[in-house]
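Please find below my note on the structure, set out as numbered points for discussion.

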Amino acid sequence: MCGRYAASRRPEDLAGIFEVEKWEPEETLDPDYNVAPTKDVYAVLDRPLKDAESPKPVRQLRRLKWGLVPSWAKTPEGGARMINARAETVYEKPSYRRAFAARRCIVPADGYYEWVTAPAERDLEVEGKKKRPRKQPYFVLPADGSVFAMAGLYEFWRDRTLPDDHPRAWWVTCSVITTEAETSPLAVAPAEGPHALADIHPRMPLMLTPDRWDAWLDPARTDVDGLRELLAPPPAGLMRAYPVSTAVSNVRNNGPELLKELEGPEEGTLF
């Protein structure tokens, strides 16, 4: 899954990386080293500009809320539970299939956090025991330091309780697509601990390599079978992972120190 990630790149840098044509300075976000569900996040999308004469899609860097609210939802309350969509079913699930066909985006990140789910932890969860060992968090990122381009979907939701000119009348929300975690060796693995992403958690965000960006963002591509081909996992051997402080487990903690690599798992944590 993807429940937390880090996003510290400036909008100017993201605009250059993704060849963005339009972004509004007032939508600038501060660097966030502990992005959690329901927060505002950056997303790259191709869409005609509002009130523009031309219907031609324009690549934009937009500020969206993480947690997709389907257009048909009566309230936005379920958004916090819809932060992830599974690649295996996203094209057929009622909550995601319309967005998959027409409203795809890229959610840029430095990398994502994942907490190890070891056999002992799984056994305790199955047994329903309340006291569980602390999970060791890992930071996962491209080994070459490039942007982690997570495949995403976005959706519009209209709050019918507010007038049209109210700034909160429309919600624009997004979800990150996940896939099965890689079982192949990491490009750079910690000396002590997991050697593959699947050793940390069975799911991971679907990372799009640059050769897929244009096709993924193109709103003219609506053929579901063709789009499903873009859901294939990236080539193996692109990622690295390393242990970080359990301070990241508290959403109130936020700073570059959360990305500091530890020599090994913290004492008293799993792995």
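**Note on the predicted model**

1. Leu231 is placed in the loop that runs between helix H5 (224–228) and strand S13 (239–243). The coordinates come from a predicted model, and every remark below should be read in that light. Leu231 has a relative accessibility of 8%; it counts as buried because this value is under the 20% limit.

2. The surroundings of Leu231 deserve attention. Leaving aside neighbours within four places in sequence, Leu231 is in contact with Ala87, Val90, Tyr91, Phe100, Ile177, Leu206, Arg212 and Trp216. A further pair can be given as a distance: Leu231 and Ala99 stand 132 residues apart in sequence, and their C-alpha atoms are 14 Å apart in space.

3. Which residues touch the most other members of the largest nonpolar core? They are Phe18, Val90, Ile106, Leu153, Ile177, Trp216 and Leu231, in a core of 32 residues. Two or more residues each are given to this core by helix H1 (11–17), strand S4 (40–47), helix H2 (97–102), strand S10 (148–158) and helix H4 (210–217). The largest share, four residues, is that of H4.

4. Val90 offers a second view of this core. Not counting residues up to four places away in sequence, Val90 touches Ala85, Tyr96, Arg97, Phe100, Leu153, Ile177 and Leu231. Apart from this core lies another one, of 31 residues, which includes Tyr112, Tyr154, Val172 and Ile200.

5. The overall architecture may be summarised next. The protein chain contains five helices and 13 strands. Its radius of gyration is 19 Å, close to the 18 Å that the globule rule gives for 271 residues, so the chain is as compact as a globular protein of that length. Along its principal axes, the C-alpha trace spans about 60 × 40 × 35 Å.

6. Burial and contact range can be stated for the chain as a whole. Of the 271 residues, 51% are buried. Among contacts between residues at least 6 apart in sequence, 72% join residues at least 24 apart.

7. As to the surface, the protein chain exposes about 13600 Å², of which carbon and sulfur atoms supply 50%. There are 37 positive and 42 negative side chains, and the centres of the two sets lie 6 Å apart.

8. Two backbone angles should be checked by eye. Most residues other than glycine have a negative phi. Glu19, however, has a phi near 55°, a positive value. Glu19 belongs to the loop between H1 and strand S2 (22–23), and its relative accessible area of 60% makes it exposed.

9. The second such angle is that of Thr38, whose phi is near 80° and thus also positive in a residue other than glycine. Thr38 is found in the loop between strand S3 (32–35) and S4. Is Thr38 buried or partly exposed? With a relative accessible area of 41%, Thr38 is partly exposed.

10. A last loop position is Arg134, between helix H3 (119–127) and strand S9 (137–142). Arg134 counts as partly exposed, at 42% relative accessibility. Arg134 and Thr246 are separated by 112 residues in sequence, whereas their C-alpha atoms are 8.6 Å apart in space.

Terms used
Residues numbered from 1 in each chain as written. Predicted model: local features only at pLDDT ≥ 70, side-chain atom pairs only at ≥ 80, totals over all residues. Heavy atoms only, no water. Rg over C-alpha atoms; globule rule 2.2 N^0.38 Å. Buried < 20%, exposed > 50% of the residue type's maximum accessible area, 1.4 Å probe, protein only. Contact = heavy atoms within 4.5 Å. Areas by Shrake-Rupley, 256 points an atom, 1.4 Å probe, with all protein chains shown as cover. Lys, Arg positive; Asp, Glu negative; His and termini not counted. Charge placed at Lys NZ, Arg CZ, Asp CG, Glu CD. Core = buried A, V, L, I, M, F, W, Y, C linked by side-chain atoms within 4.5 Å.
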